[in-house]
Amino acid sequence: MKHLFPFVLVIALAACAEKAPKAVSSVDPVNWNNRKATLSASDSLVSGISYLSVYSEIYSETEHRTHNLTSTISMRNTNLRDTIYIHKAEYFDTKGNAIRTYFDFPIFIKPMETVEIVIDEKDKSGGTGANFLFRWAMKPSSHEPYFEGVMISTSGQQGLSFTTQGKRIE
């Protein structure tokens, strides 16, 4: 009985201890500095801006009930030979407020490569009308980068998923 009391005390204290909140991994899951590219004006690249709608949560049954979603944001290079460059990836909430900038310097995406940003299911900061703006550059003869969002949620035996595609706006 003497040896049982300390064991029960440790278990009781562990059960009462508050768990630290888990950090949101969507803040910087890729080491963007490893992808940093140095570009010069003499590279004569064509630039543009693309918009991508993203959903942190969606409505269910009524406007007062929502489901949280995990979002995978893909930045794809569909070129077989040419590298493309993304200068900035900025995430906005439903009201148009900037939430975070993932990088604000040119990164490279090699031919046929995909680079992803994952927004955790518990990160609801974007809301039901979140979006991304991507500023990019490429050789004049290259294909434009392709931006895609895949949103998913699972609960028990029920699942929900859908995709969105980026649109060039400039």
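What follows is a walk through the fold, one of its sheets, and several side-chain contacts.

The model is predicted. The protein has 1 helix and 12 strands. The helix comes at the N-terminal end of the order, and the strands follow it. Of the 170 residues, 37% count as buried. The exposed surface is about 10,600 Å², with carbon and sulfur atoms supplying 53% of it. Contacts reach far along the chain. Among those with a separation of 6 or more, 75% join residues 24 or more positions apart.

Turn to the open sheet of 4 strands. Their order is 8-4-10-11, and the pairing is antiparallel. Strand 8 and strand 11 (158–165) are the edges: each has a single partner strand, so one side of each lacks a neighbour in the sheet. On average, neighbouring strands here are turned by 15° against each other, direction ignored. Strands of a sheet pair through backbone hydrogen bonds.

Take the pairing of strand 4 and strand 10 next. Strand 4 covers residues 70–76 and strand 10 covers residues 146–155; 7 bridges join them. Thr70 has Ile152 as its bridge partner in strand 10. For Ser71, the bridge partner in strand 10 is Met151. On to the sheet's edge: strand 10 and strand 11 run antiparallel and are joined by 8 bridges. One of the residues involved is Thr154, whose bridge partner in strand 11 is Gly159. These two strands form a hairpin with 2 residues between them, and Gly156 takes a positive phi near 60° there.

Thr70 repays a closer look. This residue lies in strand 4. Is Thr70 buried or exposed, or does it fall in between? Its relative accessibility is 21%, so Thr70 counts as partly exposed; the cut-off for buried is under 20%. Leaving aside neighbours within four places in sequence, Thr70 is in contact with Val118, Ile119, Asp120 and Glu121, and also with Val150, Met151 and Ile152. The Thr70 side chain reaches the backbone nitrogen of Glu121 at 3.5 Å. Val150 is 80 residues from Thr70 in sequence, yet their C-alpha atoms are 8.1 Å apart.

Past strand 8 comes a loop that leads to strand 9 (130–138), and Asp123 sits in this loop. Asp123 counts as buried because its relative accessibility is 5%. Its side chain makes a polar contact with the side chain of Arg100, at 3.1 Å.

Now the charged pairs. The whole structure holds 7 salt bridges. One of them joins the side chains of Asp82 and Lys139, at 3.5 Å from N to O. Asp82 is in the loop between strand 4 and strand 5 (84–92), and Lys139 is in the loop between strand 9 and strand 10, so the pair ties together parts 57 residues apart in sequence. Asp82 is buried, with a relative accessible area of 15%. Lys139, at 42%, counts as partly exposed.

The loop between strand 9 and strand 10 also supplies Glu144. Glu144 forms a salt bridge with Arg168, with the closest N and O atoms 2.5 Å apart. Arg168 lies in strand 12 (residues 167–168), so this pair ties together parts 24 residues apart in sequence. Arg168 is partly exposed at 34%, and Glu144 is partly exposed at 33%.

Glu61 and Arg65 form a further salt bridge, and their closest N and O atoms are 2.7 Å apart. Glu61 counts as exposed, at 73% relative accessibility. Arg65 is partly exposed, with a relative accessible area of 38%.

Note on methods
Residues numbered from 1 in each chain as written. Predicted model: local features only at pLDDT ≥ 70, side-chain atom pairs only at ≥ 80, totals over all residues. Heavy atoms only, no water. Buried < 20%, exposed > 50% of the residue type's maximum accessible area, 1.4 Å probe, protein only. Polar contact = N/O pair within 3.5 Å; in protein donor to acceptor, adjacent residues only side chain to side chain. Pairing = 2+ DSSP bridges. Axes fitted to C-alpha atoms, helices over the stretch in contact; angles between N-to-C directions. Contact = heavy atoms within 4.5 Å. Areas by Shrake-Rupley, 256 points an atom, 1.4 Å probe, with all protein chains shown as cover. Salt bridge = Lys/Arg side-chain N within 4 Å of Asp/Glu carboxyl O.
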